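Welcome! Keep the sequence and the model open side by side, and try each exercise before you read its solution.

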Amino acid sequence: MTRVLSVTSECAPMVKTGGLADVAGALPAALMPQGVEMRTLLPGYPAVLDALDAARTEAGTDLMGGPARLLSGQAFGLDLLVLDAPHLFERPGNPYLGPDGRDWPDNPERFAALCRAAADIAAGQMEDWRPDLVHCHDWQAGLAPYYLKRDGTPVPSVLTIHNIAFQGLTDMNRAAQLGIAPHDLTPEGVEYFGRISALKAGLVFADRLTTVSPTYAEELMTPEFGMGLDGVLRARKACLSGILNGIDLETWSPGTDPHIRAYKAPRGKAANRAALREEMGLPGAEGPLCVVVSRLTEQKGLDLLLEALPALLDRDGQLALLGSGDPGLEAAFRNYGHRNVAVRIGYDEALSHRMMAGGDAIVVPSRFEPCGLTQLYGLRYGTVPLVALTGGLADTVIPATPATMARQVATGLQFHPVTAGALSNALTRLCDLFQSPAMWSKMQRNAMAQPVDWGPSAAAYAALYATLATTA
Ligand code: ADP
């Protein structure tokens, strides 16, 4: 067995703000058959400590000005290591934001502490378990590869970029507090335009870099998508690869999903659609019922959907949206004021399943999308994805074109460029296809048959670990 320490700031089902949590929660079980024993290091948020069963104290120390304990235990079938540091993590709600909706001012220190704990575990802090390799996720785990290298700990690390928009920036004057040596505050080190970037620390010091789709891996090396880090990534091109996310079929399978009226074939969606219409207060309609489950941010391109909506509504199509985020977008959707548009502002896991089961199509018009999970859920549930041609959306949907329709392999629709005009045209095409029942149901069946499980990607991670692990 290869022992891997996964370092993450969120993990489903205990704490989740986005796709990272799903991935961190699913990887250990997906990797087990590949001969990988993964333990997950998480901050001791209240929701994590509450879930932890039979916790054992592994170590105690002082971190960032307060006492910290390393606990080990199980929760939801996961082997967890938890950094219990109340002065850093005993805060309810969103893991990153205070009640005012702003980042906690001490986020750099909070997640540096998590990285310090990871490096200490790798150095042999626990009596009976030491990883062969550390797998870090996003900027919150970015300093771990740096600490490993600077400590001289001979344990390799992998950093996975789930979203390069979040870079863990902080001022140089916090370097000492974060344990960063003055000689590393350079462009070759962790400096980023006069500040410190925890993500860049990971990009520079990890032994291998991955991101969550092959197309996003290519995009990241361009100025358009690299968000100022494209040069760093180009320099490390040989170490960078894209491994697609899968989805957890235990949670996301229409045949067994406890949140819905379970179904195995597309026709089973009708009862779910009727129930969703009723729940959302939507009338019956001739056109497709489109759903969106998303953070409402610039990235997700939902302002484009607002502009393009008439193309759907003119054909008696409908929109049911579940999301939260940017107050301006929330208000714009809430106040749209059309009988065929229903909006729920908030975060609701169970409703997200009912939306997937009841929708005819799922719309994902992201400006950039490292992988995207909701289009994968859509495929699995026969909810035809209409997606922007970018990142993982490009890699996971087989677009309806004359050629793919002739070969009967299409699983969804793609549009490009990512503009309201192109999205309008795509919505019109969606409505046309929806009016051809034979073609539509073929597309649904293709979608449901497309493999979206973790199998191939787990094998790819295991192969990557195998090239790095010191002992196996
Ligand atoms: P990102 O990580 O950029 O937010 P992904 O598509 O990778 O986007 O993952 C988003 C995850 O969060 C999915 O599991 C999606 O179902 C879930 N999600 C997003 N918004 C909501 C919401 N309002 N209610 C329930 N689940 C949501």
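Three exercises with worked solutions follow.

This is a predicted model, in which local features need pLDDT of at least 70 and side-chain atom pairs count only at pLDDT 80 or more, while totals for chains, interfaces and linings use all residues. Residues are numbered from 1 along each chain as its sequence is written, and side-chain values use heavy atoms, with hydrogens and water left out.

**Exercise 1. Describe how domain 1 and domain 2 meet.**

Step 1: Start with the bounds, which come from an automatic or database domain assignment. Domain 1 covers 2–246 + 455–471, and domain 2 covers 266–449. Their centres, taken over C-alpha atoms, lie 32 Å apart.

Step 2: List who takes part in the contact (heavy atoms within 4.5 Å). Domain 1 contributes 19 residues and domain 2 contributes 18 residues.

Step 3: Turn to buried area, the accessible area (1.4 Å probe) that two parts lose on being put together, summed over both. The two domains bury about 1300 Å² between them, with 60% of it on carbon and sulfur atoms. On the domain 1 side, Lys16, Thr215 and Leu244 lose the most area to domain 2, together 27% of what that side buries.

**Exercise 2. Find the salt bridge between domain 1 and domain 2, then say which helices help to build the domain 1 side.**

Step 1: Apply the criterion: a side-chain nitrogen of Lys or Arg within 4 Å of a carboxyl oxygen of Asp or Glu. One salt bridge is counted between the domains. Lysine 16 pairs with glutamate 349 in a salt bridge, their closest N and O atoms being 3.7 Å apart.

Step 2: Look at the helices (DSSP runs of H or I, at least four residues; strands are runs of E, at least two; both numbered from the N terminus). Helix H1 (19–31) and helix H8 (214–220) each supply at least two residues of the domain 1 side that touches domain 2. H8 gives the largest share, four residues.

**Exercise 3. Is threonine 210 buried or exposed, and which residues does threonine 210 touch?**

Step 1: Locate threonine 210 in strand E11 (residues 208–211).

Step 2: Check accessibility, where buried means under 20% relative accessible area, exposed over 50%, and partly exposed in between (1.4 Å probe, protein chains only). Threonine 210 is buried, because its relative accessible area is 0%.

Step 3: Collect the neighbours. Not counting residues up to four places away in sequence, threonine 210 touches several residues, including Val158, Thr160, Leu240, Tyr461 and Leu464.
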